[in-house]
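Me: Got a minute to go through a structure with me? I'd like a quick tour before I get back to the bench.

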Amino acid sequence: SSGINAEWPLRPGALYDEDGAFYTSKDIEMTEHLGTHMDAPYHFGKTAWDLASIPIENFVVPVVKVNVREKSAKNRDYMLTVQDLQDWEEKYGAVPDNAVVLMETGWGDKYTDT
């Protein structure tokens, strides 16, 4: 995600402190599937959990970050492979049970905070 800065077009009433680091806003309008977000099972089924019903401990899990920056630089459509995970495990050990696996592509470097 990008940081918020004074160059953003803001609605009247947006506030910054003296150094420009603080911002507050009370409303937002956008599609729910824009940007970094999380879907609940309810998104796909009327009887499934909505986000507020999921126990908070379900969101605290081990995380594994697999660096595929070099491969992604050569192939912008690069997809994580079993070999990538095996290489990671050879270096760091087994992926923990219930872990979230993140793929570091380097594409974030292409986004500016200006």
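Me: How much of the protein chain is made up of buried residues?
Reply: Buried residues make up 10% of the 114 residues in the protein chain. Keep in mind that this is a predicted model.

Me: OK, and what helices and strands are there in the chain?
Reply: The protein chain has two helices and two strands. Starting at the N terminus, the order of the elements is β-α-α-β.

Me: How do S1 and S2 run, and how many bridges join them?
Reply: S1 and S2 (residues 100-104) run parallel, and five bridges join them. Within that pairing, lysine 65 stands opposite leucine 102 in S2.

Me: Which side chains of S1 are buried and which are not?
Reply: They alternate along S1. Val64 and Val66 point to one face and are buried, while Val63, Lys65 and Asn67 point to the other and are not. As a general point, side chains in a regular strand alternate between the two faces of the sheet.

Me: What makes up the largest nonpolar core?
Reply: Five residues: Val64, Val66, Val68, Tyr78 and Trp88. In soluble globular proteins, nonpolar side chains tend to be buried together.

Me: What does valine 66 touch, leaving out residues up to four places away in sequence?
Reply: Valine 66 touches Leu80, Asp84, Leu85, Trp88, Val101, Leu102, Met103 and Glu104. Trp88 is also one of the residues in the largest nonpolar core.

Me: Switching to charges: how many salt bridges does the structure hold?
Reply: Four. In one of them, the side chains of glutamate 104 and lysine 65 meet at 3.4 Å, N to O. Glutamate 104 lies in strand S2 and lysine 65 in strand S1, so this pair ties together parts that are 39 residues apart in sequence.

Me: Where does arginine 69 come in, and what does its side chain meet?
Reply: Arginine 69 meets glutamate 104 in a salt bridge as well, at 3.1 Å, N to O. That pair links distant parts of the chain, with glutamate 104 in strand S2 and arginine 69 in helix H1 (residues 69-74), 35 residues apart.

Me: Which residues are linked in the salt-bridge network?
Reply: Lys65, Arg69, Glu104 and Asp109. As for how covered they are, glutamate 104 is partly exposed at 21% relative accessible area, and arginine 69 is partly exposed at 29%.

Me: What about lysine 71, what does it form a salt bridge with?
Reply: Lysine 71 pairs with aspartate 84, the closest N and O atoms being 2.5 Å apart. Lysine 71 lies in helix H1 and aspartate 84 in helix H2 (residues 82-92), so the pair ties together parts that are 13 residues apart in sequence.

Me: Is aspartate 84 buried or exposed?
Reply: Aspartate 84 counts as buried, at 4% relative accessibility. Its partner lysine 71 is partly exposed, at 36%.

Me: Now the outside. Which residues form a nonpolar patch on the surface?
Reply: Met38, Leu51, Ile56, Phe59 and Val60 do, with about 500 Å² of accessible area together. Isoleucine 56 is found in the segment before strand S1 (63-67), and isoleucine 56 is exposed, with a relative accessible area of 63%.

Me: And how much accessible surface does the protein chain have in total?
Reply: About 9,900 Å², of which 54% belongs to carbon and sulfur atoms.

How values were computed. Residues numbered from 1 in each chain as written. Predicted model: local features only at pLDDT ≥ 70, side-chain atom pairs only at ≥ 80, totals over all residues. Heavy atoms only, no water. Core = buried A, V, L, I, M, F, W, Y, C linked by side-chain atoms within 4.5 Å. Buried < 20%, exposed > 50% of the residue type's maximum accessible area, 1.4 Å probe, protein only. Contact = heavy atoms within 4.5 Å. Patch = residues over 30% accessible without salt bridge, like charges linked within 9 Å, V, L, I, M, F, W, Y side chains within 5 Å. Areas by Shrake-Rupley, 256 points an atom, 1.4 Å probe, with all protein chains shown as cover. Helix = DSSP H or I, 4+ residues; strand = E, 2+ residues; numbered from the N terminus. Pairing = 2+ DSSP bridges.
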